[in-house]
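Visitor: Could you pick a single part of this model and take me through it closely? Please begin with the surface and work inwards from there.

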Amino acid sequence: MEPGYRLMAAHWLFKSEPSVWSWTDQVAKGDQGEEWDGVRNYQARNFMRAMAIGDLGFFYHSQDQKAVVGIVEVCALAHPDSSTDDPRWDCVDIRAKAALSRPATLAQVKDNPALADMALVKSPRLSVQPVTPEEWAEVLRMAEA
């Protein structure tokens, strides 16, 4: 198997301020996707370094909306972040896959006992975070309810 691919996709959550980069902006990039640049946290960077092509992620609007609004796919492996000359920072490229039927709000996530240990609840400031398969399924269930 080629490096950067897995038999089963991992799941992630990508947080963005909609006034800086929104779901609409992400969708407008089409299949080419866009760098998830500007991340300056070592843990978030390391999560991106662990990502594989085809991994899926929730696209989360922070600030006022505070909701998961869409699903993205990793379409380029970790590479130097073009928004800086500092070699410590890497990013991946992601592309929009689908909007959620209805946003899954942070309040709903926090009220759901099945999501009590989700990084979104426990590490809310982290801009890129892992999502377990169970958490992934539960958030999708909430968005379809």
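Guide: Happily! The protein chain has an accessible surface of about 7700 Å², an area that comes from the Shrake-Rupley method with a 1.4 Å probe. Carbon and sulfur atoms account for 51% of this surface. Please keep in mind that this is a predicted model, where local features need pLDDT of at least 70 and side-chain atom pairs count only at pLDDT 80 or more, while totals for chains, interfaces and linings use all residues. Residues are numbered from 1 along each chain as its sequence is written, and side-chain values use heavy atoms, with hydrogens and water left out.

Going inwards, 43% of the 145 residues are buried, where buried means under 20% relative accessible area, exposed means over 50%, and partly exposed is in between, for a 1.4 Å probe and protein chains only. The chain holds five helices and six strands, read as DSSP runs numbered from the N terminus, with helices (H or I) of at least four residues and strands (E) of at least two. Along the sequence they follow the pattern β-α-β-α-β-β-β-α-α-β-α. The radius of gyration is 14 Å, close to the 15 Å from the globule rule for 145 residues, so the chain is as compact as a globular protein of that length; the radius is taken over C-alpha atoms, and the rule is 2.2 Å times the number of residues to the power 0.38. Of the contacts between residues at least 6 apart in sequence, 69% join residues at least 24 apart, a contact being heavy atoms within 4.5 Å.

The part I'd pick for a close look is the sheet. Its six strands form an open sheet in the order β2-β5-β4-β3-β1-β6, with mixed pairing. Strands β2 (34–35) and β6 (128–131) are at the edges with a single partner strand each, so one side of each has no neighbour in the sheet. Two strands count as paired if DSSP finds at least two bridges between them.

Let's follow β3 (residues 56–61), where five of the six residues are buried. Strand β1 (residues 11–16) pairs with β3 in the parallel sense over six bridges, and there Phe14 stands opposite Phe59. With β4 (residues 67–80), β3 pairs in the antiparallel sense, again over six bridges. Here Leu56 has Glu73 as its bridge partner, and Phe58 stands opposite Ile71.

Strand β4 itself has 10 of its 14 residues buried, so it is largely enclosed by the rest of the structure. It is joined to β5 (residues 90–105) by 10 bridges, and these two run antiparallel. Glu73 appears here too, with Arg95 as its bridge partner in β5, while Pro80 stands opposite Asp90.

What about the turn in the chain from β3 to β4? This hairpin has five residues between the strands, and two residues of the loop deserve a look. Most residues other than glycine have a negative phi. Gln63, however, has a positive phi near 70°, and Lys66, which lies in the loop between β3 and β4, has a positive phi near 45°. Gln63 is partly exposed, with a relative accessible area of 45%, and Lys66 is partly exposed as well, at 41%.

Finally, where does a helix residue meet these strands? Gln26 in helix α1 (residues 23–28) is buried, with a relative accessible area of 0%. Not counting residues up to four places away in sequence, Gln26 touches Trp21, Gly33, Glu34, Trp36, Phe59, Val72, Ile94, Arg95 and Ala96. Some of these names have come up already: Phe59 stands opposite Phe14, and Arg95 is the bridge partner of Glu73. So if you centre your view on Gln26, you can trace its contacts, including Phe59, Val72 and Ile94.
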